[in-house]
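Trainee: Could you take a close look at one part of this model with me? I'd like a connected walk through it rather than a list.

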Amino acid sequence: MPHLVVLSGAGISAESGIETFRAAEGLWANHPVEAVATPEGWRRDPERVLGFYAERRRQIRSARPNAAHRALAELEGAGFRVTILTQNIDDLHERAGSKDVMHLHGNVMNARSSVDPRLIYPLAEGEEINLGDLCDKGSQLRPHVVWFGEPVLLLDAARELTADADLLLVVGTSLNVMPVAGLIDEVAFHVPRLLVDPRAHEFAPQGVMALSRRAAEGVPLLVDHWRRTRRLTPPDMSAG
Ligand code: APR
């Protein structure tokens, strides 16, 4: 089966009403990163951090997958192998029906131990993490999210999958955060790389084709093309 690997970021969920990080009014414009997304911030004020992610969870629970999430899930059902490597901590890819989703920066619908990252606890519908909620080893539960300065999850597996891609589709990420942004260089030499982002023409790296569209517009277009041609080749991009 043709193997599509998708590297997604916050932009793919923007049209589902979830804020991105680096937009003018994005999350990091309104929340000090070091206070809510670092181990130091957690040690200093865990209540504040729990509150920040409770608000994220509330936003995600009231959101719905959009046409981009759905198109990728439909392509998987149409005889293509679709691997989704996401930086997003939301579960919209899974809720759209995608089966093969890898969360490289964690999943906010899970809690995890503060002392043993292998101890992960899925949260029930409506459940929150509160001060005093402990893991099996007696440590305070925290959001299962990768904070700045912490190791990315499953990176080696993500590199291997990317190296096996027939086409790499990058959607809604500013490619600012390493090491995940470096995955775009893990594809085999001849493999096409496409970037879907309204600002793609501004920052598409050398050799990456830019489709300057919103995700919910650009991704269904591409999926239509692949389902019609039954092949993972870039469509004529001259229309941009
Ligand atoms: N469709 C597609 N892309 C969009 C849309 C949209 N509707 N709206 C915005 N974008 C694009 C923006 O142009 C930007 O390039 O999404 C990108 C979002 O970039 P960031 O906010 O930097 O988010 P991301 O790249 O996912 O951040 C990476 O940084 O803060 C950490 O851990 C966090 O996983 C996150 C990582």
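Mentor: Let's start with Gly77, which belongs to helix H5, a run covering residues 67-77. Keep in mind that the model is predicted. Gly77 has a relative accessible area of 68%, and since exposed means over 50%, it counts as exposed. Now look across to Gly97: the two glycines are 20 residues apart in sequence, while their C-alpha atoms are 9.2 Å apart in space.

From there, go on to Ser98. You'll find Ser98 in the loop that runs between helix H6 (92-96) and strand S3 (101-103). Is Ser98 buried or exposed? It is buried, because its relative accessible area is 6% and the cut-off for buried is under 20%. As for what is around Ser98, leave out the neighbours within four places in sequence and you get contacts with His69, Leu72, Ala73, Glu76, Ile84 and His93.

Next comes Thr83, in strand S2, which spans residues 81-86. With a relative accessibility of 1%, Thr83 is buried as well, so it falls under the same 20% cut-off. Which residues does Thr83 touch, once its neighbours within four places in sequence are set aside? The contacts are His3, Leu4, Val5, Val6, Asp100 and Leu161. His3 deserves a second look here, as its side chain and that of Thr83 are joined by a polar contact of 2.7 Å.

Now for the ligand, which you'll probably want to open up in your viewer. The ligand sits in the largest pocket. It has 22 residues around it, and the closest are Arg22, Trp28, Thr173, Ser174 and Asp197. Take Trp28 from that group: an N or O atom in its side chain is 2.8 Å from an oxygen atom of the ligand. His105 also reaches a ligand oxygen with a polar side-chain atom, at a distance of 2.8 Å. With Gly172 the backbone does the job: one of its N or O atoms lies 3.4 Å from an oxygen atom of the ligand. As for how much of the ligand is covered, on its own it exposes 740 Å², and the protein buries 90% of that.

So that's the tour, from an exposed glycine in helix H5 to a ligand in the largest pocket.

Notes. Residues numbered from 1 in each chain as written. Predicted model: local features only at pLDDT ≥ 70, side-chain atom pairs only at ≥ 80, totals over all residues. Heavy atoms only, no water. Helix = DSSP H or I, 4+ residues; strand = E, 2+ residues; numbered from the N terminus. Buried < 20%, exposed > 50% of the residue type's maximum accessible area, 1.4 Å probe, protein only. Contact = heavy atoms within 4.5 Å. Near = heavy atom within 4 Å. Polar contact = N/O pair within 3.5 Å; in protein donor to acceptor, adjacent residues only side chain to side chain. Areas by Shrake-Rupley, 256 points an atom, 1.4 Å probe, with all protein chains shown as cover. 1 Å grid on protein atoms, 1.4 Å probe; cavity = no way out; pocket = protein on both sides within 12 Å on 5 of 7 lines; lining within 4 Å. Sits in = over half its atoms within 2 Å of the grid points.
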